[in-house]
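Me: Could you walk me through the ligand surroundings and a pocket in this model? I would like to hear how each term is justified.

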Amino acid sequence: MAPRFNLDGSEIQPLKICMIGAGGFIGSHLCEKLMLETEHSVLAIDVYSDKIQHLLEAGKPWSKRIEFHKINIKHDSRLEGLIKLADLTINLAAICTPADYNTRPLDTIYSNFIDALPVVRYCSDNNKRLIHFSTCEVYGKTIGSFLPRDSPLLRDPAFYVLKEDESPCIFGPIEKQRWSYACAKQLIERLIYAEGAENDLQFTIVRPFNWIGPRMDFIPGVDGPSEGVPRVLACFSTNLLKGEPLKLVDGGKSQRTFIFIKDAIEAVLLMINPDRANGYIFNVGNPQNEVTVRELALLMTQIYCKVNGGSRPEIPTVDVSSKEFYGEGYDDSDKRIPDMTIIKRQLGWEPKTSLDDLLESTLTYQHKTYAHAVRQVMSRSHAA
Ligand code: NAD
Ligand code: UDP
């Protein structure tokens with residue numbers, strides 16, 4: 001492989017990266033990128049490896065550079081040794097599906113705060129750099145969400161654009177357990193920041209804004225539990241694959257910006273260079289790709305018809321209350337537009353892929369991967 005150079009013109013030296021949560025959606029894409037396009041090595045830690053199995057098969061050109069360790073970081077003494085062996089740790093491990101935040105708040109808080117604590121401590125004690133995955137959800141609700149609906153201020157970006165170093169973190173009351181995840185992530189961010197300030201921990205914090213693409217979550221009843229509720233891309237994909245209406249929670253009025261996983265992974269790769277990323281918190285999202293959840297549902301339906309050659313369904317969506325869909329204690333972020341000033345200045349990075357293009361390539365993948373299996377599951381359940 002030809003030498004690669006960082007933004008400051010220095011040759012990139014191969015690093016050993018301890019990646020925790022490497023078997024998940026983001027981890028699988030990051031491992032793929034590191035194996036195919038860099039000389040870095042990965043100590044891949046997870047309890048699952050299905051999504052990176054294609055990288056772990058023997059005889060690949062990168063086989064010597066990736067090693068899978070089936071470890072649950074909650075209770076495994078091998079973790080510190082692996083962090084010590086590596087130059088850099090990237091921690092992705094978390095419970096991060098909203099359906100869990102209000103129904104399994106203890107698991108959510110333990111996973112996102114308590115289980116991340118030893119990782120931070122081992123990095124700090126052993127002078128190892130840490131890239132920690134937080135979330136855009138730490139911003140919670142926008143300031144604008146508290147204004148009257150007809151307020152002209154709602155059009156002022158100061159009331160909704162989310163800035164790493166200025167925006168407050170606004171969560172709902174404790175009984176709205178949806179915020180257990182955001183609160184745990186906020187506290188671990190504060191701890192990492194404090195380790196940086198008091199003990200010189202070298203860190204970078206990533207706040208992903210709805211990264212989506214192939215291999216995200218699971219299709220219930222096919223490669224995940226039948227009663228499981230994944231994130232919106234997989235929920236809507238499941239509805240489309242089954243030919244049923246897409247469920248809009250509380251009218252689908254919440255707004256999100258979606259970014260293609262491959263664009264986002266480019267940003268993470270740039271963060272591996274410490275000179276540009278140490279001590280920073282980065283929003284990683286695509287402010288151009290904003291839709292309401294209702295608009296997302298209609299766009300996905302339209303694009304899926306193109307992908308599978310079917311006709312537009314008579315009833316594309318159906319409304320469902322959040323209590324019915326997620327249970328007691330659900331609440332929502334109203335709007336998520338990332339400010340891009342810091343990441344653009346530090347890493348020279350910008351997202352490229354439009355919402356239409358990223359949905360078309362993702363739904364093409366979903367159709368190829370799952371259509372047959374979904375048909376089989378449906379015919380089995382009709383026969384029963
Ligand atoms: P994911 O669920 O696909 O991946 C997380 C991985 O961590 C899974 O493979 C899981 O098995 C592993 N893991 C969890 N607990 C573990 C443990 N105790 N020991 C070992 N492995 C464990 O989720 P993802 O979308 O890839 O997200 C990765 C990170 O990014 C998370 O920290 C999440 O909070 C953050 N994030 C992602 C998004 C997004 O848009 N995908 C948005 C906001 C934040
Ligand atoms: N949502 C929906 N129908 C679904 C799944 C999710 O209307 O089948 C909504 C959910 O209420 C939220 C948005 O879609 O407003 C995005 O949900 P996701 O699970 O992707 O996570 P979030 O962006 O809230 O972290």
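Me: How do the residues of the shell around ligand 2 divide into nonpolar, polar and charged?

Reply: Happy to help! The shell has 10 nonpolar, two polar and seven charged residues. Ala, Val, Leu, Ile, Met, Phe, Trp, Tyr, Cys and Pro count as nonpolar, Asp, Glu, Lys and Arg as charged, and the others, Gly among them, as polar. This is a predicted model, in which local features need pLDDT of at least 70, side-chain atom pairs count only at pLDDT 80 or more, and totals for chains, interfaces and linings use all residues. Residues are numbered from 1 along each chain as its sequence is written, ligands are numbered from 1 in the order in which they are written, and side-chain values use heavy atoms, without hydrogens and water.

Me: What makes the link between ligand 2 and the side chain of Arg256 a polar contact?

Reply: A polar contact is a pair of N or O atoms within 3.5 Å. An oxygen atom of ligand 2 is 2.7 Å from an N or O atom in the Arg256 side chain, so the pair meets that definition. The backbone joins in too: a nitrogen atom of ligand 2 lies 2.7 Å from a polar backbone atom of Lys247, and an oxygen atom of the ligand is 2.9 Å from one of Val249.

Me: How much of ligand 2 does the protein bury?

Reply: The protein buries 96% of the 520 Å² that ligand 2 exposes when taken alone, with areas from the Shrake-Rupley method and a 1.4 Å probe.

Me: Which residues lining the second largest pocket are closest to its centre?

Reply: They are Ser145, Lys253, Ser254, Asp334 and Lys335, out of 22 lining residues. The lining divides into seven nonpolar, seven polar and eight charged residues.

Technical notes: Polar contact = N/O pair within 3.5 Å; in protein donor to acceptor, adjacent residues only side chain to side chain. 1 Å grid on protein atoms, 1.4 Å probe; cavity = no way out; pocket = protein on both sides within 12 Å on 5 of 7 lines; lining within 4 Å.
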